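Let's take a walk through this model together, starting from one residue and working outwards. Keep the viewer open as you read.

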Amino acid sequence: MLPRSRAVANPDDVLRFGAVLGDYSAKFGRAVLVSWLGGEPLRWKPAFDVSRVFRVEFGLRVSATTNGTALESESVRRCVAEDFDPLTVSVDGVGPGHDRWRRTTGLYAQLEKNVRRLGELKLERGRSPRLRVNTILMRDNIHDFESLCRAVAGWGADELTFNALGGRDRPEFYAEHCLRPEDVAQFRQSLPGVRERMARLGLTILGSERYLDRLEAFARGEALPVADCRPGQTFLFVDERGMVSPCSYTVEGYGAPLDELRTADDVHRLPERFAASRRAMLAPCFDCPSTQVFGKFAHCETAK
Ligand SMILES: C[S@@+](CC[C@H](N)C(=O)[O-])C[C@H]1O[C@@H](n2cnc3c(N)ncnc32)[C@H](O)[C@@H]1O
Ligand code: SF4
């Protein structure tokens, strides 16, 4: 695993905002999904208690994206099965490929074992969680995409999402491994066939046509500005320091402190507040990197 600096969210602040989101959900009749991203969210000790309160007391849905190491513990698997839906695990390659990217021998085998165990738990319970895999596409692994899908379908994964390697953390790594236009073109051409074959194995590959346009533009180095991303209407990003923003790229600029969001109405007014801020478009908006805006999570038939 790669060493990174850590800042940690305050559980009391998180619980307080969870209660506000619960009120918002009830008052405005909107289902709210809280997704823990991390760092490594299943290594954040309060994650399990907080998630239980979110689901049971506040009526929120909860999910997480994980490297899967914490799933080694049976009690963690039981908590996840009870409170999380979907659970997303990150798989960057098949077998040694995954271990190489994450610089940890045995990680892939451990992940496979634990996802299969979660699948068994799911069968036993006759319900959730939906098991989702997220993979990073790089020039080095994109041509093995179908093998990766086939492997995780065999583990019992229900859904798969993908994103292109981003360059924010490690620009030098990005330069060597990012997708080239020919990689995306080939991927795009093969995707409908892969989707069809994986559907027969029970694996749904998410992502819209527009999302593929986004990947293509990244690879070509062409900017894709977004005139109106409907900020705050369907998605909020909350960072570990307690700032709420329309996406992870605009915390500085559009972010509002959690302290200012005390009631359901405060949350309801956020889209208006963000839309007003966004009249002064920030640099990222001229080449929007936010995958959810382009349909990363969309079912391919419904989102063009
Ligand atoms: C930042 S990770 C955090 C969650 C958790 N630690 C994990 O490994 O899944 C969230 C997702 O972003 C993906 N990711 C990590 N680094 C990335 C990068 N440089 N570009 C694009 N996606 C990346 C991961 O594969 C993972 O699915
Ligand atoms: S970067 Fe994208 S998602 Fe974020 S505020 Fe700008 S247009 Fe919206």
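Leaving aside its neighbours within four places in sequence, which residues is alanine 157 in contact with? This is a predicted model, so keep that in mind for everything that follows. The contacts of alanine 157 are Val115, Leu131, Arg132, Val133, Val152 and Leu203. Alanine 157 also belongs to the largest nonpolar core, a set of 67 residues, and it is listed with Cys149, Val152, Leu160 and Leu179 as having the most contacts inside that core. That fits a broader pattern: in soluble globular proteins, nonpolar side chains tend to be buried together.

Now for the strands. There is an open sheet of 6 strands, paired in parallel and ordered β1-β2-β3-β4-β5-β6. The edges are taken by β1 (33-36) and β6 (204-205); each has a single partner strand, so one side of each has no neighbour in the sheet. Helix α2 (residues 47-56) packs on this sheet and touches β1, β2 and β3 (84-90), with its direction at about 150° to that of β2.

Within the sheet, β2 and β3 run parallel and are joined by 4 bridges. If you want a landmark there, threonine 66 stands opposite valine 89 in β3. Strand β3 is largely enclosed by the rest of the structure, because 5 of its 7 residues are buried. Further along, β4 pairs with β5 (residues 159-164) in the parallel sense over 6 bridges. Here isoleucine 136 has asparagine 163 of β5 as its bridge partner.

Strand β3 also has a backbone detail to look at. The peptide bond from aspartate 85 to proline 86 is cis, with omega near 0°, and proline 86 sits in β3 itself. A second cis bond runs from glycine 38 to glycine 39, with omega near 5°; glycine 39 lies in the loop between β1 and α2. For context, most residues other than glycine have a negative phi, and most peptide bonds are trans.

The phi part of that rule has its exceptions here too. Arginine 103 has a positive phi, near 55°, and lies in the loop between α4 (96-102) and α5. It counts as exposed because it has 10 C-beta neighbours inside 10 Å. Arginine 230 also has a positive phi, near 50°, and belongs to the loop between α9 (209-220) and β7. With 14 other C-beta atoms within 10 Å, arginine 230 is partly exposed.

What about the helices? In α3 (residues 74-83), the buried residues are Val80, Ala81 and Asp83, and their cover includes α2, β2, β3 and α5 (107-125). Helix α5 holds glycine 119, which is partly exposed, with 16 other C-beta atoms within 10 Å. Leaving aside neighbours within four places in sequence, glycine 119 is in contact with Leu131, Trp155 and Gly156. Leu131 is also one of the contacts of alanine 157. Another glycine, glycine 154, is found in helix α6 (residues 145-155) and counts as partly exposed, with 13 C-beta neighbours inside 10 Å. For a sense of scale, the C-alpha atoms of glycine 154 and threonine 234 are separated by 33 Å, with their positions 80 residues apart along the chain.

On to the ligands. Which residues come nearest to ligand 1? Of the 13 residues around it, they are Gly38, Asn67, Ser90, Asn134 and Gly166. The elements giving two or more residues to this shell are β2 (61-66) and β4 (131-137). Gly38 is familiar, as the cis bond to glycine 39 starts from it. By class, the shell around ligand 1 has 3 nonpolar, 8 polar and 2 charged residues.

The shell of ligand 2 reads differently in its make-up: 10 nonpolar residues, 2 polar and no charged. Around ligand 2 you'll find, among others, the cysteines Cys229, Cys247, Cys285 and Cys288, along with Pro231, Pro246 and Pro284.

Finally, there is another open sheet, with 3 strands in the order β7-β8-β9 and antiparallel pairing. Its edge strands are β7 (237-238) and β9 (256-257), each pairing on one side only. Strand β8 (residues 243-245) pairs with β9 over 2 bridges, and valine 244 has alanine 256 in β9 as its bridge partner.

Technical notes:
Residues numbered from 1 in each chain as written. Chains lettered and ligands numbered in written order. Predicted model: local features only at pLDDT ≥ 70, side-chain atom pairs only at ≥ 80, totals over all residues. Near = placed C-beta within 6 Å. Nonpolar A, V, L, I, M, F, W, Y, C, P; charged D, E, K, R; others polar. Core = buried A, V, L, I, M, F, W, Y, C linked by C-beta atoms within 7 Å. Buried ≥ 20, exposed ≤ 12 C-beta atoms within 10 Å, placed from the backbone. Contact = placed C-beta atoms within 7 Å. Pairing = 2+ DSSP bridges. Axes fitted to C-alpha atoms, helices over the stretch in contact; angles between N-to-C directions.
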